[in-house]
Amino acid sequence: MKALILSLCLFVSVGMFADNQKAEQLYEAADAAYAEQDYQKAAKLAKETLPLSRGTELEADCLNLLAIIHVRLSDYDDAAKYAKECYALDEKTGDPDIMSSSLNTLAGIYMGANQPMEAEKYILKGIELAEKANNPGRMAILQAMASEVYHAQGNDQKALPYIEKAYEIDKQAGNEPRAKVRLAQKASILIGLHQYQEAEKVLKEVIPFLRQTPDRQSLGIACNKMGMALFSQQREAEALPYYQEAADIFMQLGDPYNEVHARRGLYEALWKSNPDEAKHQLDRFNDLKDSIYNKTSAETLARYNAEFGNDWLQIENHEQRRDKLWAITIAVILALLAVGIWWMMRRRQQRQARINQELQEHIHDLQEKYNALNEHYDNAIATSTKEDADELNAADRDFLENTVNIINELILTGHIDANHVADRLGMSLFQFRQRLTALTEETPQSFIQNVRMRRARHLLDNHPEMNISEIATLCAYNDTPNFTRAFKKKFGVTPTQYLERKE
């Protein structure tokens with residue numbers, strides 16, 4: 001019996017050793033794949049590692065790596081989930097160094113989800129802990145993250161001293177690659193302060209160095225920033241190759257957040273010299289923007305914030321655990337340099353909302369000013385058999401006016417068809433078609449299309465600051481080419497040609 005028990009114990013021990021060895025090998029492979037920026041492969045390997053690492057010192061390292069990988073994959077839900085699990089393990093430690101590392105990761109996740117105000121408290125607490133740990137390398141990482149947090153908040157004056165301190169720490173440590181990355185971050189802040197020539201000078205030092213390294217992510221971000229600095233000085237032709245290099249890099253890396261910045265830069269820089277190619281870049285920009293919106297879940301991150309928000313009092317009362325991933329956290333920072341794109345996209349949404357409100361408030365004015373509405377009344381008058389052909393009866397006029405109002409309201413929602421209009425009028429589709437056709441000699445679909453096209457012409461005439469893609473959206477078209485074809489069918493010219501003739 002004793003021999004059997006000893007054999008079983010030996011078998012279990014051998015099995016546990018084999019599992020631990022396999023976990024270590026998988027983890028190292030995942031870490032290597034991440035360093036090579038193959039994030040899909042890194043995620044797969046790290047997920048295979050996690051169940052084998054449960055209950056070991058490797059578990060927290062694996063969770064931290066998974067959190068960082070999912071930030072790079074723009075999957076903030078899973079990134080927050082893994083960061084939460086890692087943070088729970090870190091609460092059992094008293095090492096301020098490792099605590100500050102996890103707080104940096106959490107701040108990075110909130111930054112990626114465009115919540116810099118939430119990220120601020122995590123990063124400031126991390127800096128406080130890093131000072132206790134007396135770890136210059138960690139302090140440089142956290143100082144750089146703090147600069148990104150304030151940069152995202154629009155407070156570049158406050159961001160600048162943080163990045164300068166990070167740069168000095170890495171420079172004194174002789175870490176040239178990281179020091180160059182700090183300079184790239186500083187250039188971004190200088191651009192925010194409208195110091196474009198200073199930013200250009202910094203980037204001329206950074207970009208040639210990064211081209212000699214395997215760090216494609218940092219190179220792409222630096223090229224984006226150089227394009228912005230040159231474009232802001234009205235040097236569009238010089239900005240183009242930098243934006244194109246950045247777009248190619250981020251497309252290869254599968255990084256939509258940074259690619260969307262490069263595509264917008266290409267669109268703006270090409271607009272005067274090559275409008276057709278500019279439109280192609282704008283379409284790519286819109287596709288990327290939509291994919292980004294579909295991936296983000298602010299509600300999930302708010303839930304995690306509520307769970308972590310009460311833990312600060314306990315943060316310093318724990319024991320130690322090892323840190324294998326301090327070098328990896330630097331990569332999180334690089335994924336956050338394009339966070340300003342979110343603010344730009346938010347401003348664009350707000351502008352569209354204001355225009356929508358304006359259109360809702362002035363529907364009656366549009367009805368009186370444009371033939372889009374009055375031509376339907378004219379058609380009805382022409383076919384009326386009444387002696388007084390100058391007016392429709394009150395019931396018919398109310399019906400047409402209500403129909404037009406409902407169509408304009410539904411256009412604002414982006415979903416418009418005859419069924420929806422009939423439902424809002426309290427009629428069956430058959431009744432609606434019959435009555436509308438009798439009054440206007442138009443089918444419901446034709447009537448709706450005319451209202452949308454007149455709306456488009458009104459926007460082209462009165463809102464020169466809007467581009468064709470925005471106008472298409474405000475006329476309930478999800479696809480710009482479809483809008484262009486419909487406009488040309490109605491008016492004989494494309495929207496772009498219409499504007500050119502108008503000018």
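This short presentation describes the fold and several salt bridges of one protein chain.

Good morning, colleagues. Please bear in mind that the model shown is a predicted one. The protein chain consists of 503 residues, of which 51% count as buried. Its secondary structure comprises 26 helices and zero strands. Among contacts between residues at least 6 apart in sequence, 65% join residues at least 24 apart. The chain exposes about 23800 Å², and carbon and sulfur atoms supply 50% of that area.

I turn now to the charged side chains. The whole structure contains 19 salt bridges, and I shall discuss three pairs.

The first pair to consider is Glu128 with Lys125, whose closest N and O atoms are 3.2 Å apart. Both residues belong to helix 6, residues 116–133, and a spacing of three residues places them about one turn apart. Glu128 is partly exposed, at 34% relative accessibility, whereas Lys125 is buried, at 15%.

Next, Glu200 and Lys204 form a salt bridge, with an N to O distance of 3.2 Å. They are separated by about one helical turn because they lie four residues apart in helix 10, residues 196–211. Glu200 is buried, at 8% relative accessibility, while Lys204 is exposed, at 52%.

Finally, Arg284 pairs with Glu259, the closest N and O atoms being 2.9 Å apart. This salt bridge links distant parts of the chain: Arg284 sits in helix 14, residues 275–295, and Glu259 in helix 13, residues 256–270, 25 residues away. Arg284 is partly exposed, with a relative accessible area of 28%; Glu259 is buried, at 2%.

As for shared partners, salt bridges join Glu200, Lys204, Arg235 and Glu238 into one network. Thank you for your attention.

Key: Residues numbered from 1 in each chain as written. Predicted model: local features only at pLDDT ≥ 70, side-chain atom pairs only at ≥ 80, totals over all residues. Heavy atoms only, no water. Helix = DSSP H or I, 4+ residues; strand = E, 2+ residues; numbered from the N terminus. Buried < 20%, exposed > 50% of the residue type's maximum accessible area, 1.4 Å probe, protein only. Contact = heavy atoms within 4.5 Å. Areas by Shrake-Rupley, 256 points an atom, 1.4 Å probe, with all protein chains shown as cover. Salt bridge = Lys/Arg side-chain N within 4 Å of Asp/Glu carboxyl O.
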